[in-house]
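Biologist: I should like to understand the reasoning behind the description of the sheets in this model. Please take me through the argument.

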Amino acid sequence: MTQSDSIPIPVLKNRDIVTVSDFAGQYREILVDFDMSSFTEEWQKNNSWQISFTVTKTDRNVFTYELIGEESAVYYKGEKFIVTNLDRQASGNQITKSVTATHQYFQIQHGRQYKTISGDLTIEQCLNHLLGGNDRGITFSIVGNFEKVEQENFGDVNYLDGVKDILEDYGAILDVTGLHLTFYEPSQFGRKTNEYIRYKYNTDEIQFQADTTTLKTQIRGYGKQKSEEEGGGYYFPPVTYTSPLAADWGIRIADPVKDERYTNASAMLTKLKQTLQDYPNISGTVKPGKKMDVEKGDWLTIIYEPLNINLQAQIVSYKKFPFLNQPPEITVSNTKDDIITIQAQLAREIKKMKRG
């Protein structure tokens, strides 16, 4: 047994070591005899980050095994994950726990900002209002430039939902280290790497799925309504935005945006452009043929010669198997620029096949 104050909590020298702490943080021990083949790390942009594994009780890990419980902590690569799902199984004399632990960032949902603010606000103003002076050790930084957004009664929300609102309103991408939150303007997020994935060279598995179910080319937005004292009506006439891609797909009308936060027509137009999905929903799944050390938001070159695809694509999710000599499972970016590029190349190849 080791008292928690006798083991330094910062980043471990061997970043592949997994340690476990009980809920109270009184003890912290190295995890041994866990099923390395079951250990995975999964991340999805602006959505999730978790690790999973199974461990069977042995003579060597009996004390560490008992430390693993609901809300206990698992440390991996210098980051803290909280056990949020725990499944216990018994088979004869064998007792096993299946563990899913989410990054400690998601625990900020237990804090709240009760006050609200309104106005034409920067992302920094919203973050200062939401998180400024919080008592949970949350800090933040901003990378890149963001347009102001008209906010109406922003706040009265738990910290996690408030961050999600900010990500959506300002189109930011979140990266987390400990409890420090970095908000990136999309063009500033991710490393440019020399890694590439080429069909039939270092992978046989590249798959692009296209779905036009939610494709729309026109949308209308309604802003804040005036009070009776102000004469009623809206602060500005309804704004209609028609995508240039309507020339290809026709007019497909989306559900209107009705948002009381907007009192400015130009701000609403920006919101409509961000909201409208005027392109097919395409996701690209790639399984490299070798183990790769990919990170969140990395840019890779994807080469798929059967459809003449050669483009830079960003990792938006991954599933890693760190204790196996096994390549990660990767989903590449479905941002608008990449999707239009892929779709144009697909369309050209289809036309070629029809002519042939």
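The exchange below concerns a predicted model and treats two sheets in turn.

Biologist: How do you know that strand 11 and strand 12 are paired?

Modeller: Two strands count as paired if at least two bridges are found between them. Strand 11 and strand 12 (residues 180-184) share five bridges in the antiparallel sense, so the criterion of at least two bridges is met. Within this pair, Thr177 stands opposite His180 of strand 12.

Biologist: Why are strand 9 and strand 11 called edge strands?

Modeller: The sheet is open, with three strands in the order 9-12-11 and mixed pairing. Strand 9 (139-143) and strand 11 (173-177) each have a single partner strand, so one side of each lacks a neighbour in the sheet. The twist from one strand to the next averages 20°.

Biologist: Which helices pack on this sheet?

Modeller: Helix 2 (residues 123-131) touches strand 9 and strand 12, and its direction makes about 175° with that of strand 9. Helix 3 (residues 159-170) touches strand 11 and strand 12, at about 15° to the direction of strand 12.

Biologist: What makes strand 16 and strand 17 edges of the other sheet?

Modeller: Three strands form that open, mixed sheet in the order 16-15-17. Strand 16 (239-242) and strand 17 (257-258) have a single partner strand each, so each is left with one side without a neighbour in the sheet.

Biologist: How do you know that strand 15 pairs with strand 16?

Modeller: Four bridges join strand 15 (residues 218-222) to strand 16, and the two run antiparallel; the requirement of at least two bridges is therefore satisfied. Gln218 stands opposite Thr242 in strand 16.

Terms used. Residues numbered from 1 in each chain as written. Predicted model: local features only at pLDDT ≥ 70, side-chain atom pairs only at ≥ 80, totals over all residues. Heavy atoms only, no water. Axes fitted to C-alpha atoms, helices over the stretch in contact; angles between N-to-C directions. Contact = heavy atoms within 4.5 Å.
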